[in-house]
Amino acid sequence: MSQNKTVATSASPREFIESIEHPTRRSDGLVLLDLFAEVSGFEPAMWGDSIVGFGRYHYRYKTGREGDFLATGFSPRKANQSIYIMPGYQDYSEIMGRLGKHKLGKSCLYVNKLADIDLDVLRELVAAGLRDLDKIWKVEAG
């Protein structure tokens, strides 16, 4: 059985964000660092080389595959900010309708810049995602 490629590391999330060359990605990343910490109540941790995660959960599928993964977080990618809400966005259409300009993946929200979205709505979305994830798998400090 394969292991997750993305695992928690000991790297500093703040140093990672401060090293980003693109000024908007860097400043937006610092805003997200504080926003996720405030909403989640968890300290940030690096997952892999480029994901800042908050909290973790242990999953076990019916297939027997199991592991640990970040509960929520973001990654300041070259093209956009990728924001991770682990239960996905399928149940959040009302919140998403108020968020602002974004694109969706299965459990990932893509935002070009934070100025394009309502940060209060993002806070609401992160809180809802954590709450709903905790109903499926226990969310813990990470």
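I will talk about strand β2 and its partners, then about the largest pocket, and finally about one loop residue, all in a predicted model.

Let me start with β2, which covers residues 51-60. Of its 10 residues, 7 are buried, so the strand is largely enclosed by the rest of the structure. On one side of the topic we have β1, residues 44-47, which pairs with β2 in the antiparallel sense over 4 bridges, and within that pairing Ala 45 has Gly 53 as its bridge partner. The hairpin of these two strands has 3 residues between them, and Gly 48 takes a positive phi near 65 degrees there.

The pairing of β2 with β3, residues 66-76, is also antiparallel and runs over 8 bridges, with Gly 53 standing opposite Gly 73. Here the hairpin has 5 residues between the strands, and Gly 64 in the turn has a positive phi of about 100 degrees. Finally, β7, residues 139-140, pairs with β2 in the antiparallel sense over 2 bridges, where Val 139 is the bridge partner of Tyr 57.

Tyr 57 brings us to the largest pocket, since this residue is listed with Phe 69, Met 86, Lys 106 and Ser 107 as lying nearest the pocket's centre, among 14 lining residues. The elements that give two or more residues to that lining are β2 and α4. The lining divides into 9 nonpolar, 4 polar and 1 charged residues, and the space in the pocket is about 300 Å³.

Last, the loop between β6 and α4 holds Ala 115, which counts as exposed because its relative accessibility is 70%. Its C-alpha lies 9.3 Å from that of Lys 101, with the two residues 14 apart in sequence.

Key: Residues numbered from 1 in each chain as written. Predicted model: local features only at pLDDT ≥ 70, side-chain atom pairs only at ≥ 80, totals over all residues. Heavy atoms only, no water. 1 Å grid on protein atoms, 1.4 Å probe; cavity = no way out; pocket = protein on both sides within 12 Å on 5 of 7 lines; lining within 4 Å. Points joined across faces, edges and corners; volume = space filled by probe spheres on them. Nonpolar A, V, L, I, M, F, W, Y, C, P; charged D, E, K, R; others polar. Buried < 20%, exposed > 50% of the residue type's maximum accessible area, 1.4 Å probe, protein only. Pairing = 2+ DSSP bridges.
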